[in-house]
Each structure stands twice: as C-alpha cells, then as structure tokens.
Amino acid sequence: MFNGIYQGKKVLITGNTGFKGSWLTCWLLNLGADVYGISHDIPTQPSMFEALGLEAKIRHYKNDIRDYAVIDEIIKESRPDYIFHLAAQPIVSVSYKEPLDTFGTNILGTVSILDALRQIDHRCTAVMITSDKCYDNVEWRWGYRETDHLGGKDPYSASKAAAEMAIKSYYHSYFKNNSQVRLASVRAGNVIGGGDWAASRIVPDCFRAWAGGQPVTIRSPHSTRPWQHVLEPLSGYLTVGQILAESPEYSGEAYNFGPAAEQTHTVLELLMEISNYWNAGGCKDKFIIDQNNDFHEAGLLKLNCDKALFDLKWLATLNFNQLA
C-alpha cells in the first residue's frame, strides 16, 4: 500500500490526538512508520487517542502548534521524512465564540510549520490539511475546484482560507526551487466515523442526545454536505504524501477529497440514516431545530474532486448508505 514509502520512515503528525489525527496515527503505525505527534491537549472525552493507548506507541510532544520556537526545535530534533499538519481549531460554531484562538491556531499554527520547514537541512514531504470550507462559498450547485476563489464569512472558514494563502505564499517564496521540501495542501470536510466525540458535530451530538433519551438539537436540517467516512480523506492525504515523494512536479499543488457530487446529502437525510441504526427507527421526534442560531453557516457545499482522480488516481469508495 502506497508503494511502501512510509515503512521505516519518520512521520510527524500535528493534531495527532484528535479524531482524524488518531486514525492517521493508527494507519501509519500499521504501515510501519515511526510516528511522532504534536498536540497541546486531548480534545475530547472520551478520546480515541487515549482508548487505543497511542501515546505509548509514538513519540508524543505536548506543545502548542503556535509556539514557533518549540515547533522549530522539534522538527530539527526529529528530522521527519513526512509531516501531516492537521492541528487546528476545527469547529465552525466555536470559531464565533473564540475567533482569536481560531485565527491564531489555524493561521499562525500553519505558519509555524511552514517556517520551521524553511529552516531544515534534510528532505521532507509536507501535507498541509486545511478544509473544504476554505472556498468563498456562494452556494452554487456545482462543486468547488482547487482554482476557485478562497474566502469565508465565518471565522473558521476565513482562517482556513488564510492558511491556504500562507501555504501558497511559502511555496512560491521558499519551496518552489527548494529540492529539500515538497508540500501540497489538501481540502476535505464533513468527515464522520468511529472515535469522533467532538462537540457541535452532528454524529456525536446524536449519540450523546439519544443515549440520554433526548432529541438532538440541529441548526440547519436542509443544509447539504459531502459527508464522507474518515478513512476516505486520510487515504487521499497518504496518497498525496506518496506522489510528492515520488514525483516532485506535484509540489505546490492543492487537492480536494470528497465523495462524488451525487453523494451530497442534507443534515436531515444523515439523521434519518443514522437513526435507522438506533432502536427507535426513523428520526421523528428525534431532533429539534435551534431557532436561536444567530451565525452564518453555508447551506450548500460541494467539492469537485476531478483533479485528485486525474493526478492521483484517487476516488472515494464508500457510498452514503455505507457510512453509518
């Protein structure tokens, strides 16, 4: 798998204690990688990272991604062959309550990694993970391509667009003619799967509410999203790491990862599907709509993943009915 390029290699994951970070850690360990992780806390309780005892299986640094001096020292000391940068403040609703932390983590945290890469004296491949919400979403009916405008009305989306701009700037300023560093940005979102216990995310919110015999509170039942299982985008990230290591001409590119356009479904449809696996059957009386939702959230979001198919031969394999 992945031509065995991760076998015996040092791989640094930022945000390794989170949902996607824990899954990526497990996958890389299974591929024979020597995994390092940077995360300043355990973001949820329960925690997949703790439940699987992952701290004992990797070299784990408990540091804030915004602390450049520390990040620079870790990268110089560990000399990773690969970096997967996932560390972020990932929740839209939290970004409205904590905009300073969101912008700081998502922009300056990304720049910390980029500037540390600028200083290294060894070969390193970096996959910079942002979000499908980095696009200037005008809610058109076709999928956003990697060449479409970046932007964001909410702090989270704006911070991810800004991170993308920082990545592009560093690539053209420092890495385009640097044979030591190869990097790409990757964009995905609306990821679901086991081990996700974050607040203000639809699937764990359902389980918490229904386990207590309560309806789940939702904001926008008719909003559509490209829902995908966590292993789908992670397979894309790992494929990008592979192609960058094998083909330097792909350095500086950006890639979307998501399901086919016809697999985009509403929040309500997702609730209905999940509830089929809960004893109560359908989701009648299983949710209430938050009438006090006073912040903007996109109603329609799709990605065009043709570039990943063309360059990487990557295609999502699970359909919507298999996600639950």
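**Exercise 1. The largest nonpolar core**

Find how many residues the largest nonpolar core has and which of them have the most contacts inside it.

*Solution.* Step one is the count: the largest nonpolar core has 36 residues. A nonpolar core is a set of buried Ala, Val, Leu, Ile, Met, Phe, Trp, Tyr and Cys residues joined through side-chain atoms within 4.5 Å. Buried means under 20% relative accessible area, exposed over 50%, and partly exposed in between, with a 1.4 Å probe and protein chains only. The residues with the most contacts inside this core are Tyr6, Leu28, Phe84, Tyr237, Leu238, Val240 and Phe257.

Step two is to see which elements give two or more residues to this core: S1, H1, strand S4 (82-85), strand S5 (124-129), strand S6 (181-187), helix H8 (231-246) and helix H10 (306-312). Helices (H or I, at least four residues) and strands (E, at least two) are DSSP runs, numbered from the N terminus. H8 gives the most to this core, with six residues.

Step three looks at Tyr237. Leaving out residues up to four places away in sequence, Tyr237 touches Tyr6, Lys20, Phe84, Val127, Ile129, Val186, Ala188 and Phe257; contact means heavy atoms within 4.5 Å. Apart from the largest core lies another one of 25 residues, with Ile75, Ala166, Tyr170 and Leu183 among them.

A word on the model: it is predicted, so local features need pLDDT of at least 70 and side-chain atom pairs count only at pLDDT 80 or more, while totals for chains, interfaces and linings use all residues. Residues are numbered from 1 along each chain as its sequence is written, and side-chain values use heavy atoms, with hydrogens and water left out.

**Exercise 2. Cysteines**

Explain why the sulfur of Cys134 makes no bond with the closest cysteine sulfur.

*Solution.* Start with the total: the structure holds zero disulfides, a disulfide being a pair of cysteine sulfur atoms within 2.5 Å. Next, take the distance. The closest cysteine sulfur to that of Cys134 is in Cys305, 12 Å away, which is too far for a bond. Finally, check the surroundings: Cys134 is buried at a relative accessible area of 0%, and Cys305 also counts as buried, at 14%.

**Exercise 3. Asn16 in its loop**

Work out where Asn16 is placed and which side chain it joins by a polar contact.

*Solution.* First, locate Asn16: the loop between strand S1 (10-14) and helix H1 (19-30) holds it. Asn16 is buried, with a relative accessible area of 0%.

Then turn to its polar partners. The side chains of Asn16 and His60 are joined by a polar contact of 3.2 Å. (A polar contact is a pair of N or O atoms within 3.5 Å; within protein, one must be able to donate a hydrogen and the other to accept it, and residues adjacent in sequence count only if both atoms are side-chain atoms.) A polar atom of the Asn16 side chain also lies 3.2 Å from the backbone nitrogen of Ile38.

Last, beyond its neighbours within four places in sequence, Asn16 is in contact with residues including Gly21, Thr25, Phe49 and Ile58.

**Exercise 4. Aromatic rings**

Decide whether Trp140 and Tyr144 form a stacked or an edge-to-face pair.

*Solution.* Rings of Phe, Tyr and Trp (its six-membered ring) pair if their centres lie within 6.5 Å; planes under 30 degrees apart count as stacked, over 60 as edge-to-face and the rest as tilted. The structure holds 11 aromatic pairs. Trp140 and Tyr144 have 5.1 Å between centres and 25 degrees between planes, and the pair is stacked. Trp140 is partly exposed at 26%, whereas Tyr144 is buried at 1%.

Now compare Tyr170 and Tyr174: their centres are 5.1 Å apart and their planes stand at 50 degrees, so this pair is tilted. The two lie four residues apart in helix H6 (residues 155-175), about one helical turn. Tyr170 is buried, with 13%, and Tyr174 is partly exposed, with 39%.

To finish, look over the face of Tyr174, where Arg118 lies 4.9 Å from the ring centre. Similarly, the charged end of Lys307 sits over the ring of Tyr255, 4.8 Å from its centre. A charge sits over a ring if NZ of Lys or CZ of Arg is within 6 Å of the ring centre and within 35 degrees of the ring normal.
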